[in-house]
Amino acid sequence: MIVGGAVDAADEVRDATVGEGVDVVFEAAGTPEALRLALAAARRGGTVVNLALRNAPDQVDLNRLLARELHVMGSTGYAGEHADVIDTLAAGGFGDVTRLITGRVALDEAVEQGFEALVARPADHVKVLVHP
């Protein structure tokens, strides 16, 4: 698993795959930069799965999408669609994913400290967990 931030995640993916890119990229941040990186990290003919709600419409270079023959799809549920990825995650194949949790808030603070924080400071957060 490669998490963007201090490094260009697409460059890291290309380095790790000898320039090929990966078969499937799951984009869950919901930012224009994350979508750009996801499209850049996918191999020719690869798939980018958008899991995030967007604050505003994104612009996509359709010529690049066409030239690289990428597949882009959205998913809001996980009804057995990604069993291999879930198995790999459970087996520790992606390393320590706890660093993706950038905040924890109580349910009664979810709007102000969760959703509003994600919208106001998207560069500071990946996922905020809400607990009762």
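This is a short walk through one predicted model, covering confidence, one buried glutamate, one pocket and two backbone oddities.

Confidence first. The protein chain averages a pLDDT of 84. Of the residues, 91% score at least 70. Strand β2, residues 42-50, has the highest confidence, at 94. Helix α4, residues 83-90, has the lowest, at a mean of 81.

Now to glutamate 27. Find it in strand β1, which covers residues 22-27. Is this glutamate buried or exposed? Glutamate 27 has a relative accessibility of 3%, so it counts as buried; the cut-off for buried is under 20%. What does its side chain pair with? The side chain of arginine 54. That is a polar contact, at 2.5 Å. Look at the surroundings too. Leaving out residues up to four places away in sequence, glutamate 27 touches Ala34, Leu35 and Ala38. It also touches Val49, Asn50, Leu51 and Ala52, and Arg54 is on the list as well. So a charged side chain is buried here, at 3% relative accessibility, and it has arginine 54 as a polar partner.

Next, the second largest pocket. Its volume is about 220 Å³. Which elements give two or more residues to its lining? Helices α2, residues 32-41, and α3, residues 62-67. Of the elements, α2 gives the most, with five residues. Let me read out the lining. It starts with Pro32, Leu35, Arg36, Leu39 and Ala40. Then come Asp58, Gln59, Val60 and Asp61. Arg64, Leu65 and Leu70 finish it. By class, that is seven nonpolar, one polar and four charged residues. Note Leu35. This residue lines the pocket, and it is also among the contacts of glutamate 27.

Last, the backbone. Two residues deserve a look. Valine 18 has a positive phi, about 50 degrees, and it is not a glycine. Where is it? In the loop between α1, residues 9-16, and β1. Valine 18 has a relative accessible area of 75%, so it is exposed; exposed means over 50%.

The other one is glutamate 69. Its phi is positive as well, near 50 degrees, and again the residue is not a glycine. Glutamate 69 is in the loop between α3 and β3, the latter being residues 71-74. Buried, exposed or partly exposed: which is it? Partly exposed, because its relative accessibility is 49%, and the exposed class needs over 50%.

To recap the glutamates: glutamate 27 is buried in the model, and glutamate 69 is partly exposed.

How values were computed:
Residues numbered from 1 in each chain as written. Predicted model: local features only at pLDDT ≥ 70, side-chain atom pairs only at ≥ 80, totals over all residues. Heavy atoms only, no water. Helix = DSSP H or I, 4+ residues; strand = E, 2+ residues; numbered from the N terminus. Buried < 20%, exposed > 50% of the residue type's maximum accessible area, 1.4 Å probe, protein only. Polar contact = N/O pair within 3.5 Å; in protein donor to acceptor, adjacent residues only side chain to side chain. Contact = heavy atoms within 4.5 Å. 1 Å grid on protein atoms, 1.4 Å probe; cavity = no way out; pocket = protein on both sides within 12 Å on 5 of 7 lines; lining within 4 Å. Points joined across faces, edges and corners; volume = space filled by probe spheres on them. Nonpolar A, V, L, I, M, F, W, Y, C, P; charged D, E, K, R; others polar. pLDDT = per-residue confidence, 0-100.
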